[in-house]
Amino acid sequence: MSTPENPPPTGGDEPGRGLSGVQRAGIVLGGLAVLLIVFVVLRGGDDSGSDSSSSSATGTASQSASTTTAQSTASTGTSETETGDDSGSGTGSTSTSTSTSTPAVPASQTINVVNGQPQGGVKTVTFKKGDQAVLKVNSDTADEIHVHGYDLMKDVEKGGSVTFTFKATIDGRFEVELEDAGTQIANLEVTPS
C-alpha cells in the first residue's frame, strides 16, 4: 500500500485557497455595518418624521449610485433646478426639502427661574402631539431640570440655560421641575393632533 504524496487540504489556511465561507460572510457583514454607520451619520438628527430625512437619504443614495439628477427630480417633483447644473443637484434638492419642513417646528417655549421659583408662577407650555417640542429653561439657580413623562433630564448651571428638543409623542400633562429642589417650574401639555 502506498501513501499519497500530497495529503488532501484540511482547512482554509493553506496558501492559494481563497476565502472560506465564514471569512466571506464576515467581510460582507463588516461592509454592511460600515454602510449603516455612514447612513446614520449622514442622515443627521432629524427626529421630526418629516420628508426631509427621507429626501436626505434619497439624495445621499442617489449621489453614491451616480444617478443624482433622476432621483432628485423624483424626490422634489421638479426638473428645472436639476437640469441646469448636475454638480450640486443632490444638495439642492435636500436643502429645498429641508426648507419646506422648517415651518413645522414650533417656536421655543421659555421658562425663567428666578430665586429658585418660576417667574410669574407655574405656567403651562403646550405642544401638539407629533410636533417637534423645544423647551428652554433659563435659571439663576444651579439644579437638574426634569421633564416628567418623557423622563428628560439636564443639569443647568447658575445663571445658565438648557434646551430640550424632542418629538412630542406622548399626549397628556407632565410636570417640569427643579429636581434637586423639588420645585415645579412648569406644566408640559401635549394635546392630541
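The paragraphs below walk through some side-chain features of this structure, which is a predicted model.

We can begin with the aromatic rings, for which a search of the whole structure finds two pairs. In one of these pairs, Y150 and F166 meet in a tilted arrangement, with 4.9 Å from centre to centre and 50° between the planes of the rings. To see what this pair connects, it helps to find both residues along the chain: Y150 belongs to the loop between strand 5 (143–147) and strand 6 (152–156), whereas F166 belongs to strand 7 (residues 160–167), so the pair ties together parts that are 16 residues apart in sequence. Y150 has a relative accessibility of 13%, and because buried means under 20%, Y150 counts as buried. F166, at 9% relative accessibility, counts as buried by that cut-off too.

Y150 also takes part in an aromatic pair with F174, and here the arrangement is edge-to-face, with 5.6 Å from centre to centre and 80° between the planes. Since F174 lies in strand 8 (residues 172–178) while Y150 lies in the loop between strand 5 and strand 6, this pair ties together parts that are 24 residues apart in sequence. The relative accessibility of F174 is 15%, which means that F174 counts as buried. Taken together, Y150, F166 and F174 form one aromatic cluster, and Y150 is the residue that appears both in the pair with F166 and in the pair with F174.

Another ring, that of F164, has a charged neighbour, for K154 lies over the face of F164 at 5.3 Å from the ring centre.

What kind of surface patch do V28, L29, L32 and L35 make? These four residues make a nonpolar surface patch, and its area is about 420 Å². One of them, L29, can be placed in helix 1, which runs over residues 21–43. L29 has a relative accessibility of 57%, and because exposed means over 50%, L29 counts as exposed.

Finally, we can turn to a polar residue, N187, which is found in strand 9 (residues 183–191). Is N187 buried or exposed? With a relative accessibility of 17%, N187 counts as buried, because this value falls under the 20% cut-off. The side chain of N187 is nevertheless not without a polar partner, as it makes a polar contact with the side chain of Q184 at 2.6 Å.

Definitions and conventions: Residues are numbered from 1 along each chain as its sequence is written. This is a predicted model: local features need pLDDT of at least 70, side-chain atom pairs count only at pLDDT 80 or more; totals for chains, interfaces and linings use all residues. Side-chain values use heavy atoms; hydrogens and water are left out. Rings of Phe, Tyr and Trp (its six-membered ring) pair if their centres lie within 6.5 Å; planes under 30 degrees apart count as stacked, over 60 as edge-to-face and the rest as tilted. Helices (H or I, at least four residues) and strands (E, at least two) are DSSP runs, numbered from the N terminus. Buried means under 20% relative accessible area, exposed over 50%, partly exposed in between (1.4 Å probe, protein chains only). A charge sits over a ring if NZ of Lys or CZ of Arg is within 6 Å of the ring centre and within 35 degrees of the ring normal. Patches are made of residues with over 30% relative accessible area and no salt bridge: like charges are joined within 9 Å, nonpolar side chains (Val, Leu, Ile, Met, Phe, Trp, Tyr) within 5 Å. Accessible areas come from the Shrake-Rupley method with a 1.4 Å probe; for residues, only the protein chains shown count as cover. A salt bridge is a side-chain nitrogen of Lys or Arg within 4 Å of a carboxyl oxygen of Asp or Glu. A polar contact is a pair of N or O atoms within 3.5 Å; within protein, one must be able to donate a hydrogen and the other to accept it, and residues adjacent in sequence count only if both atoms are side-chain atoms.
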